[in-house]
Structure formats: C-alpha cells, structure tokens
Amino acid sequence: MTTAEDRIDALELAFGSLDDPGNPLGAAALLAADAAGTVLPEAERVLDAFGFNAEFVPADVGGRLERMDVLGRVLRPVFRRDASLGFGYGLNCFFAAAPVWTAGDDAQRRLAARLLLSGRRLAVARHEVAHGNDFVRDELTARTVPDGLVIDGSKSAVANASRATGLVIFARTEGAARGRTHTVVLLDRDELPAGAVENLARRTTTGMRSAEFGGLRFTGCPVPHTAVLGATGDGYELSLRSSLLIRGLIPSIVLAGADTALRTVARFADRPRADGRSSLDVRHVRDVLTGGFLDLLIIDCLALVATRALHLLPRQMSAYAAAAAYLAPKLVAESMDEMSSVLGEETFAQDGAYAMFQKQRRDLPVTSLGHAGSAGRQVSILPQLPYFARHAWFADPEPPPDLFRPDRELPPLDLSQPVLLGDGDPLAATLVACTDLLEAAELPDSEALGGPALRFLTRILTGELAELKKAFENVAEGDREALSSPRSFGLADRYTLVIAAAACLGVWREQRSATGGSYASSATGGDHASSATAGSHASSGGHTSSGGHADAFLAAPAWITAVLYRLVARLGLPLPDRPVAPERLVLEEVVARLRDRRSYDLYASPLA
C-alpha cells in the first residue's frame with residue numbers, strides 16, 4: 001500500500017532536480033515559462049500522471065484526501081518550484097471545491113469529484129467584500145424565478161476562468177435580508193446553454209505570471225434549485241466555513257516557496273570564492289540564514305497545528321487556522337527582504353543560478369492573498385479573544401499530544417464539526433504547561449531542557465499571555481467598536497506570535513518525548529557553519545522524511561531556544577543573553593540541509 005510519505009517523495013522525484021540545467025522541469029525551464037506567462041506542459045503532464053487532483057477530493061467520493069496535514073505536505077514539491085503551477089492546476093480547484101465538500105449534498109459532491117478525478121478544473125467566483133481588493137472587486141447577481149435562479153453580471157479576475165468546467169459562484173441574491181445576501185451554486189459548464197457564460201480577457205499579474213486570471217460574464221444563466229449549495233442566502237456563512245478548511249494550507253504553500261528562496265540564498269553564501277573566504281564569515285549573512293530557517297520552522301509548526309486541529313479540535317481550531325494564514329506570509333515577506341540584502345544585485349536576476357529567488361519573492365503576495373487577505377484573518381481572530389480571556393486562558397486543559405505529532409493517525413475529517421467561533425484555546429495551555437515544566441526542572445535536567453535562556457523565554461511569553469488576558473477580559477463580546485480599534489488589531493497580531501510560540505513548544509516537547517531528548521549536532525567544529533561537511537548527515541542515511549535526524553534535531557533545545565528568542569524579540573519584550581550556541585547549531589543545520597539536499601521544514605524531506 002502506498003503511504004502518504006511515498007506519494008510525497010514520488011512527486012518530488014518526478015519533477016527532478018530544480019538545479020539541473022538539463023532538466024526540462026528545472027529552474028531554467030520554469031523561469032522561461034514564467035517570463036512567457038505560460039505553464040510548462042511537461043509539468044502539467046507530471047501532475048496528470050500523479051493524479052494530483054485526487055489529493056483534493058475526499059476519500060469517501062473516490063479521492064485521496066483523508067488528512068489535511070498530509071495535503072499541506074503534498075503541495076510542497078509543486079510550490080517549491082512554481083506557485084502558478086501549484087495554484088492553477090490544483091490548489092485553486094480545492095479552494096473552489098471547499099464549499100462543495102463543506103455544504104454540498106451527495107449529488108453535488110459526486111459532481112465535483114467526477115470533474116476533478118477526470119482531470120477537469122474547478123473555478124470559484126467569489127463575492128465582493130468591503131475589505132477586499134480591486135483584484136476581486138466586482139459582482140454577480142442572482143434573481144429568483146419559478147424553477148430556480150438566473151445569474152447575471154461579470155467577474156474580471158477568476159483563476160482558471162477559461163479552463164474550468166466546474167464553476168462555484170457566489171452571487172448576490174436580490175431582495176435578500178441582511179446577512180443572507182449571497183447564494184452559492186455549483187455549475188457544470190458543459191450543461192449550460194450556449195451564451196450563458198462568456199470568457200473575458202485574461203488579466204496580467206506581477207506574481208504567479210503563468211497562472212490564468214481571466215474574466216467571466218454571465219447573461220441570463222439558468223440555475224436549477226439542485227445547484228444551490230446549502231440554502232439560498234447561505235453564501236456569507238459558507239464562505240467563512242470554507243475558509244476554515246483553506247486557511248491551514250496557506251502556511252505550507254508560502255513555506256514551500258520560501259524554502260526555495262532560502263536555499264537559493266544559502267547556496268549563494270556557501271559558494272567558493274577566489275580569495276578562499278566565504279560569505280558565511282560575515283555575521284549578517286549568518287544571521288539572515290539562521291533567521292530565515294527559524295521562520296520556516298515557526299511556520300511549519302503553525303501549519304501542523306492548524307491542519308491537525310481540523311481533525312482533533314474542530315470546535316477550537318478557527319483561531320489557529322486564521323493565525324497561521326495571517327502570520328506565515330508576514331514572516332516570509334520580512335524574511336525575504338532580509339535575504340535580499342545577502343544576494344545584493346542577484347536579487348533582481350531574471351535568469352541564472354539565483355533567479356528563482358526573485359520569482360518566489362514576486363509570487364508570494366498573490367499566493368498568500370486569499371479572499372480577504374490578512375485583515376480578514378485578523379477579523380476572524382478578534383471576536384474570539386474576549387471569550388478566551390474570560391473563560392480559556394490559564395483555565396483550559398491542554399490539547400491532545402497528537403496535535404503536535406505528524407506520525408500519528410487522525411480521526412476522519414468531519415466538515416460538519418468545525419465552528420467559526422471557538423469555545424476554548426487549548427493551544428495556549430501548552431505554553432503555560434511548558435513554562436511550568438521548565439520552571440520545575442532541576443539540574444541536570446534543566447540543561448537538557450534548554451537551560452535558563454529557554455526557561456526565561458517561556459516565562460516572558462506566558463507573561464504576555466497574561467497581559468492579553470487583562471486587555472481583553474473587560475471587552476464585551478460583540479463590542480465592534482472596541483474590537484475594530486487599531487489597538488485591538490495590534491493585540492491580535494501579538495496573540496498570533498504567542499500562539500506560534502505555543503505551537504513550537506508543543507512540537508519540541510512531543511519530539512523530545514518520542515526520541516528520548518538526545519541530539520548530536522549534524523555539523524561539528526568551528527565558529528560558523530562553513531566548517532560543516534557534505535557528509536555531515538552520514539549517520540542518518542536512509543532515514544525517512546519524517547524520522548531520523550530531523551526528529552533528533554527537533555527534540556534538542558537549540559532550535560526551540562532560538563525560535564522563542566526570535567518571537568520574543570518581535571514582541572519587543574525583555575530578552576536574555578543572545579543564544580549564540582543554539583543559533584550556531586541552527587545555522588549548521590541550514591548548511592547541512594543545503595549540501596544534503598533536504599527540505600527546510602519539520603521533515604527534512606529528501607529533494608531531487
């Protein structure tokens with residue numbers, strides 16, 4: 001039986017090495033296609049042969065989708081190479097199908113599954129929102145007729161507009177009551193009368209230049225009652241419920257692109273120079289590489305928690321999904337800005353060894369935009385914080401340990417269970433519990449647990465959670481004026497950093513528990529990582545992507561100490577002495593994974 005790990009490795013190998021100039025699916029070919037605004041046909045054939053669309057279809061209707069954390073990982077080999085390919089071929093289809101999987105009846109689910117499993121595309125035309133952007137701002141209307149609805153209007157920017165057979169349409173319903181203004185329908189273009197839907201011109205984009213964003217015009221398009229997803233007027237709620245399914249994937253796709261960006265910069269810094277020196281002799285370069293990798297570890301901990309919480313904590317996961325989708329693009333954007341200072345003029349290269357950095361940096365804003373962008377994600381978090389402050393923080397029990405263990409099985413995905421407003425915040429309890437664990441440790445255990453620096457950092461973060469509790473416990477639930485203030489948005493940003501720290505601590509603690517807490521550095525000697533050797537991971541040869549050295553690295557205190565130092569610094573809170581030794585070990589890991597060709601995430605997956 002093929003495992004998820006096998007599928008992920010097989011897809012990576014099918015694309016071949018990104019760095020091989022002779023690879024027809026390598027960086028040179030992808031950059032040329034990007035410049036031309038086209039997707040490589042050879043790359044789409046790889047995804048066809050793999051049956052990529054099956055990853056987006058639930059197992060109960062014939063697909064492979066059983067675990068959301070696995071789906072996030074399956075996306076990474078594609079998004080490491082080309083966001084246009086990953087988004088246009090598959091992920092946009094999942095975004096379109098999410099309302100169907102969430103609220104569709106059996107016939108509607110079977111229709112969406114049939115289209116995707118036969119290699120067809122789905123597209124979604126979403127509704128306008130007040131906090132939206134010009135790229136998605138126009139409208140479709142639906143008027144009621146005796147046998148259903150009739151849709152009119154146009155949308156000027158729909159991904160896969162001309163290539164999609166299935167259309168998921170959010171249309172404004174005429175004369176509807178407030179809060180019930182939009183209805184969602186699933187249409188099969190092959191079943192529509194001629195002239196009902198017309199393709200409009202394609203729009204150019206700065207990022208994801210190979211993805212098709214075109215327009216659609218609907219003229220008297222008939223929609224039977226059987227095409228309505230949920231009930232008439234359910235559009236707004238269904239959009240929000242679908243976002244619970246989608247948001248947890250955002251960290252994986254931005255992480256994958258950032259992996260390639262960091263690898264590009266690390267290769268630039270590690271290149272041999274005529275004077276025998278290395279860019280790694282420069283502290284700023286070392287700091288940028290270390291910080292970039294730490295950010296990816298933070299993002300992947302959030303990705304793990306957000307996706308597994310859909311299965312394990314459906315009534316509490318809303319805030320985690322929104323926090324992950326909000327924070328991940330923000331961290332990557334700032335990290336890429338820092339990386340550009342290392343690349344210098346190579347930051348702007350359009351071809352050559354380092355041009356993939358510019359492509360990934362250009363694609364990021366489009367990749368992470370989502371329906372309403374970061375503001376919408378904060379708006380999803382804010383109404384929950386007063387409840388958490390009064391009822392959850394320092395009171396809730398911890399989540400199950402399996403939340404932090406990607407090797408553990410999960411209960412089946414039940415999309416009727418997730419709720420928009422959580423009834424607790426168990427992840428925050430992990431921060432408190434880890435603080436108690438470290439405070440209670442005695443020598444020599446305290447040194448194995450990171451020593452005084454890690455203990456200090458967790459104490460500071462728990463203090464920040466207490467400050468958030470004070471700030472929100474007197475805010476009345478539903479007080480829109482208080483929750484929409486700039487101060488509240490700033491506090492929501494701080495909450496996402498605290499929750500990110502809790503996710504990282506949970507991963508570290510569970511990895512330490514699973515491996516016995518031992519870890520030997522993958523590279524030895526010297527004051528910086530230029531001393532690492534190409535064979536530095538020889539002892540872990542043959543380990544699977546989710547085991548071996550990666551687990552030992554995650555069980556050690558170096559990375560978690562450096563991660564928490566970075567998060568506390570972002571919060572502007574008091575810091576201990578800089579963790580120089582842990583940061584050195586993290587940098588050695590960056591260089592070792594570069595030379596061993598392993599991914600910059602929690603899994604250290606082998607790369608082609």
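# Empty spaces and aromatic rings

By class, the lining of the largest cavity in this predicted model is made up of eight nonpolar residues, three polar residues and one charged residue. The space that these residues enclose amounts to about 70 Å³, and the structure as a whole holds four cavities of 30 Å³ or more. To find the largest cavity in the structure above, look for Phe79, Ala83, Ile253, Val254, Gly257, Ala258, Val332, Met336, Gln360, Asp363, Leu364 and Thr367, which together line its walls. At least two of the lining residues come from each of three helices, namely α8 (250–270), α10 (318–343) and α11 (355–367).

The second largest cavity has a volume of about 60 Å³, and its lining consists of Thr102, Arg241, Leu244, Leu245, Leu310, Leu415 and Pro418. Helix α7, which covers residues 235–246, provides three of these residues, the largest share of that lining. Sorted by class, the lining of the second largest cavity contains five nonpolar residues, one polar residue and one charged residue.

From the cavities we can turn to a pocket. The second largest pocket has a volume of about 870 Å³ and is lined by 34 residues, among which Arg64, Glu66, Arg67, Val70 and Glu409 lie nearest its centre. The elements that contribute two or more residues to the lining of this pocket are α1 (4–15), α4 (68–79) and α5 (83–103). Its lining can be divided into 18 nonpolar, four polar and 12 charged residues.

One of the residues nearest the centre of that pocket, Arg64, also leads to the aromatic rings, since the charged end of Arg64 sits over the ring of Phe50, 5.1 Å from the centre of that ring. Phe50 in turn belongs to an aromatic cluster that it forms with Phe52, Phe56, Tyr89 and Phe94. Another member of this cluster, Tyr89, has a charge over its ring as well, for the charged end of Arg121 sits there at 4.7 Å from the ring centre.

How many aromatic pairs does a search of the whole structure find? The search finds 11 aromatic pairs, and one of them is formed by Phe87 and Phe95, whose rings are arranged edge-to-face, with 6.0 Å from centre to centre and 70° between the planes. Are Phe87 and Phe95 buried or exposed? Both Phe87 and Phe95 are buried.

Note on methods
Residues are numbered from 1 along each chain as its sequence is written. This is a predicted model: local features need pLDDT of at least 70, side-chain atom pairs count only at pLDDT 80 or more; totals for chains, interfaces and linings use all residues. Side-chain values use heavy atoms; hydrogens and water are left out. On a 1 Å grid over the protein atoms alone, a cavity is a set of points where a 1.4 Å probe fits but cannot get out, and a pocket is an open set with protein on both sides within 12 Å along at least five of seven lines; lining residues have an atom within 4 Å of a point. Grid points are joined across faces, edges and corners, and a volume is the space filled by probe spheres set on the points. Helices (H or I, at least four residues) and strands (E, at least two) are DSSP runs, numbered from the N terminus. Ala, Val, Leu, Ile, Met, Phe, Trp, Tyr, Cys and Pro count as nonpolar, Asp, Glu, Lys and Arg as charged, and the others, Gly among them, as polar. Rings of Phe, Tyr and Trp (its six-membered ring) pair if their centres lie within 6.5 Å; planes under 30 degrees apart count as stacked, over 60 as edge-to-face and the rest as tilted. Buried means under 20% relative accessible area, exposed over 50%, partly exposed in between (1.4 Å probe, protein chains only). A charge sits over a ring if NZ of Lys or CZ of Arg is within 6 Å of the ring centre and within 35 degrees of the ring normal.
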